[in-house]
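Colleague: I am new to this one. Please pick a single spot where helices pack, look at it closely, and then place it in the wider fold.

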Amino acid sequence: ANQNRYHYAVFARRDVAEGDVVVRSIPKRACLSARTSSCAPQLRAEGLGGGLALNIAIMHERSLREQSKWHGYFAVLPDRGERTLPMFWPPSALRALRGTELAAHVAADAASLREDYDEHVVRGLCVSCPEVFDPKVYGTASRESGDENVKADSGFERYLEAASLAASRAFFIGDVFGEALVPVADLFNHRTDAESVRVFGADVESDAESESDAESESDAESESDAESESDAIDPYDAPVAGALEMRARVAVGAGAELFNTFGTQNNASLLHKYGFCERENAHCTVGLDVALVERALGVDATRAAAKSVGLDLDEEGYFEIAPDGVVEDALLALLARARRREGEEDDPTSESREVRAALADVLRLRLEAYGGEEPEGGAEARRREKKNAPRVAAPAGGGAVGAEGCARGPRSGVDGADADAPR
């Protein structure tokens with residue numbers, strides 16, 4: 001079956017008490033990482049690590065099909081990667097991101113993924129280890145092949161699919177091994193600020209800290225020593241030992257879905273890495289790029305004001321508006337200094353007409369960046385559209401859906417990207 005059509009979720013078959021072990025043991029040797037992959041010797045010889053090595057390891061193991069020890073695991077993953085991620089969206093869907101910070105990230109990702117693949121796979125592994133990384137499959141030959149069974153640039157497409165699985169599903173399993181695909185654990189969907197389970201075993205120190213806020217000075221010293229030791233360990237030399245387990249952090253009734261958490265993230269981050277947004281996400285912010293401020297105030301005035309208040313705009317990059325609408329103090333201070341009248345000793349207050357007008361100019365430019373046309377009926381039409389929109393759970397957990405979303409039935413391919421694009 002085409003696994004792009006299905007999503008997964010985990011439900012409690014009985015009442016679960018706080019602290020109950022939900023998943024007893026997931027051995028780290030069963031997790032797919034650069035260290036545990038069959039191409040680990042080649043990755044090590046090439047000096048590759050981190051996310052790049054994980055992407056290549058996943059790509060390689062998927063190409064082995066039945067010969068891979070993770071063949072059964074891959075059988076329940078989307079066979080074309082996580083197509084809901086913006087990296088796979090067609091231009092028509094990407095237009096929905098115009099003006100957002102995410103649009104720039106997606107464009108930068110496309111360039112960096114291509115660069116990494118060409119440098120480390122095509123000109124690296126395909127040259128140094130052609131017996132494992134066949135140039136006809138992964139190299140430039142795949143683009144120029146006359147074989148009808150070889151799709152042009154199919155190697156890079158495989159790499160993108162692997163990168164999408166890593167982005168949407170990888171867990172941190174320890175300082176030595178970094179991130180890995182973790183069977184079973186990735187079946188649990190995400191819920192911001194309301195997870196019901198957590199993964200333990202990645203780091204003993206982190207687990208102990210999450211269980212208790214109290215930590216002695218000797219414990220802190222031991223943790224520091226352990227971190228120093230892990231920094232010195234070559235992950236390709238480290239023995240693969242230990243296991244992860246999942247425990248309930250709150251009581252859950254029979255029949256309820258069990259949720260994990262991918263961390264506290266805004267919707268731009270969730271969409272970028274996991275391919276979905278949450279309708280009620282209290283951590284969404286609005287970014288205001290320094291370039292917008294410079295357009296509103298003038299470059300010279302902005303730079304002079306920033307220097308005067310001690311702001312390094314090359315370091316800061318952008319300012320934020322918090323979820324509750326509070327504007328970052330640093331931006332208000334910058335606007336106030338820029339609007340100080342000649343001869344006056346004090347800056348106008350953040351509530352002054354001058355500062356509010358300057359802020360309004362910046363926000364107007366921010367809104368203009370989104371482009372698009374105002375729907376007929378204006379703001380009132382938008383409110384009606386939002387009110388009448390169906391409340392359906394969006395895909396979570398790298399393509400898995402929550403209880404409400406399961407009622408939607410199968411979805412496939414890029415259709416999911418269109419459905420999940422920001423409204």
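Modeller: Helix α15 (residues 329-338) packs on α16 at about 115°, and the two axes are 9 Å apart. This is a predicted model, in which local features need pLDDT of at least 70, side-chain atom pairs count only at pLDDT 80 or more, and totals for chains, interfaces and linings use all residues. Residues are numbered from 1 along each chain as its sequence is written, and side-chain values use heavy atoms, leaving out hydrogens and water. Helices (H or I, at least four residues) and strands (E, at least two) are DSSP runs, numbered from the N terminus. Axes are lines fitted to C-alpha atoms, for helices over the stretch in contact, and angles run from 0 to 180 degrees between N-to-C directions.

α15 and α16 make a right-handed crossing (the near helix is turned clockwise from the far one by less than a right angle; anticlockwise would be left-handed). Leu331, Leu332, Leu335 and Ala336 come from α15. They meet Val355, Ala358, Leu359 and Val362 of α16. Contact here means heavy atoms within 4.5 Å. An α-helix has 3.6 residues a turn, so residues three or four places apart point the same way.

α16 (residues 353-370) has another partner, α12 (residues 290-297). Their axes come within 9 Å and cross at roughly 125°. That makes α12 and α16 oblique to each other (under 35 degrees is roughly parallel, over 145 roughly antiparallel, 65 to 115 roughly perpendicular, the rest oblique). This crossing is right-handed too. From α12 come Leu292, Val293, Arg295, Ala296 and Leu297. Facing them in α16 are Ala358, Asp361, Val362, Leu365 and Arg366. Ala358 and Val362 thus appear in both lists.

Now the wider fold. The protein has 19 helices and 9 strands. Of its 423 residues, 40% are buried (under 20% relative accessible area with a 1.4 Å probe, protein chains only; exposed is over 50%, partly exposed in between). The largest nonpolar core has 36 residues. Such a core is a set of buried Ala, Val, Leu, Ile, Met, Phe, Trp, Tyr and Cys residues joined through side-chain atoms within 4.5 Å. Among the members touching the most others are Leu43, Ile58 and Tyr159. Apart from this core lies another, of 24 residues. Ala296 and Leu331 are among its members, and both also take part in the helix packing described above.
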